[in-house]
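Please read this report alongside the sequence and the coordinates. It goes from the whole chain to single residues.

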Amino acid sequence: MGSFLSWNCCGILSKLQELKGLINYFHPVCIGLQETFLSSNSPLKLHGYNSARKDAATGSNHSGGPPHDTISQQDLDTLVDQLPRPFILLGDFNGHSTLWGSDATNSRGRQIEQLISNNCLCLLNNDEKTYFHEPTRTFHSLELAICSPTLLPLLHFTVGSDLCNSDHFPIIVSSADSGGAIQYPPRYLFQRADWGNFMQVADITESIVSTADITEAVENVIECLMNAANNTIPKCSPRLRKFRRPWWNEACCDRRREEKNSGTFLGGIREQNIMSLLSVPKSLLVAYSVVFRGNLGLILFHPSHPPFLVSSCGKKSRLLMGSIVNFPFLF
């Protein structure tokens with residue numbers, strides 16, 4: 001079983017590279033995106049994925065359920081009744097509850113609790129925070145993973161370690177037993193098919209369909225066509241295909257490795273590192289512009305803290321410099 005990924009991206013068109021990085025790392029078979037800010041005429045295509053979209057109305061500033069929208073409890077229960085079991089619900093539910101690690105419970109949180117109770121569902125979340133609220137510099141749990149009871153012992157819930165230039169961390173639901181390699185079913189490469197040979201092999205004779213049982217005749221035709229396809233149409237490899245980033249080089253690999261090892265770079269920090277940096281009075285922070293490995297960057301310096309080096313890792317990536325934009329109160 002592959003993994004499932006859900007992410008409130010706060011605008012997907014500016015974060016396609018971040019999304020491809022998440023795909024390369026987690027290999028999700030299904031991705032749920034919230035607040036894409038896409039209009040009906042905005043194309044979005046990812047190789048290997050088909051999309052089903054519900055775009056916001058023209059002029060709307062959100063794509064998900066706003067915190068103050070009123071939703072009937074009956075409508076929620078009816079929605080769950082329509083889902084084939086077992087199922088998984090992932091997304092930004094915009095609700096606070098002590099049940100999933102919040103300090104308090106609001107009306108939306110109580111409504112979600114009631115939804116779980118009414119339908120005998122299970123919550124996969126642990127106490128990990130999934131959202132960073134920039135104005136108050138606090139962390140909250142808004143993204144939820146809810147499933148049918150039969151799936152609970154089979155699934156594992158984790159929160160990504162990188163905001164990816166959003167204010168929400170991605171959440172990942174994967175198989176509790178993920179020891180084996182993930183492979184996708186191979187697909188036919190119709191553009192490379194030998195159609196002449198296919199027509200000769202797929203010879204549906206009268207004896208194939210002359211059976212007393214119509215079901216048997218249909219099965220014979222399907223077997224004939226499948227045999228012809230398997231012998232004349234090549235298939236793609238079941239191995240996972242990674243998204244190429246032609247601008248990525250060895251310097252970027254080194255920079256990413258340093259970021260993960262140190263934990264102090266803004267591109268991939270979690271709660272403890274962010275709070276450490278935010279504890280420094282912004283009036284005491286000094287920023288220097290530097291050139292690091294050929295790229296323009298910044299050094300944040302405070303006498304009681306080690307210097308923070310923030311580099312763009314290439315003009316196209318915007319992985320780390322975008323994080324500076326997400327924290328304007330630092331300057």
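The sections below describe the overall make-up, one sheet, one buried residue and one surface patch.

## Overall make-up

The model is predicted, not determined by experiment. The protein has 331 residues, and 38% of them count as buried. Its secondary structure consists of nine helices and twelve strands.

About 19,100 Å² of the protein is accessible surface, and carbon and sulfur atoms account for 55% of that area. Contacts that span long stretches of sequence are frequent: among those between residues at least 6 apart, 62% join residues at least 24 apart.

## A four-stranded sheet

Four strands form an open sheet in the order S2-S1-S9-S8, and their pairing is mixed. The edges are strand S2 (28-34) and strand S8 (155-159); each has a single partner strand, so one side of each lacks a neighbour in the sheet. On average, neighbouring strands of this sheet are turned by 15 degrees against each other, with direction ignored.

In general, the strands of a sheet pair through backbone hydrogen bonds, in a parallel or an antiparallel manner. Strand S1 (residues 3-8) pairs with S2 in the parallel sense, over six bridges. One bridge links Asn-8 to its partner Gln-34 in S2.

## Asp-92 and its surroundings

Asp-92 lies in strand S3, which covers residues 88-92. Is Asp-92 buried or exposed? Its relative accessible area is 14%, which is under the 20% limit, so Asp-92 counts as buried.

Which residues are in contact with Asp-92, once its neighbours within four places in sequence are left aside? They are Asn-8, Gln-34, Glu-35, Leu-142, Glu-143 and His-168. Two of these contacts, Asn-8 and Gln-34, are also the bridge partners named above for the sheet. Asp-92 and Leu-144 are 52 residues apart along the chain, but 6.5 Å separates their C-alpha atoms.

## A nonpolar patch and Met-226

Ile-214, Val-218, Ile-222 and Met-226 make a nonpolar patch on the surface, of about 380 Å². Of these residues, Met-226 is placed in helix H6, which runs over residues 214-232.

The relative accessible area of Met-226 is 40%. This value falls between the 20% limit for buried and the 50% limit for exposed, so Met-226 is classed as partly exposed. Membership of a patch requires over 30% relative accessible area, and the 40% of Met-226 meets that requirement.

Terms used
Residues numbered from 1 in each chain as written. Predicted model: local features only at pLDDT ≥ 70, side-chain atom pairs only at ≥ 80, totals over all residues. Heavy atoms only, no water. Patch = residues over 30% accessible without salt bridge, like charges linked within 9 Å, V, L, I, M, F, W, Y side chains within 5 Å. Areas by Shrake-Rupley, 256 points an atom, 1.4 Å probe, with all protein chains shown as cover. Salt bridge = Lys/Arg side-chain N within 4 Å of Asp/Glu carboxyl O. Helix = DSSP H or I, 4+ residues; strand = E, 2+ residues; numbered from the N terminus. Buried < 20%, exposed > 50% of the residue type's maximum accessible area, 1.4 Å probe, protein only. Pairing = 2+ DSSP bridges. Axes fitted to C-alpha atoms, helices over the stretch in contact; angles between N-to-C directions. Contact = heavy atoms within 4.5 Å.
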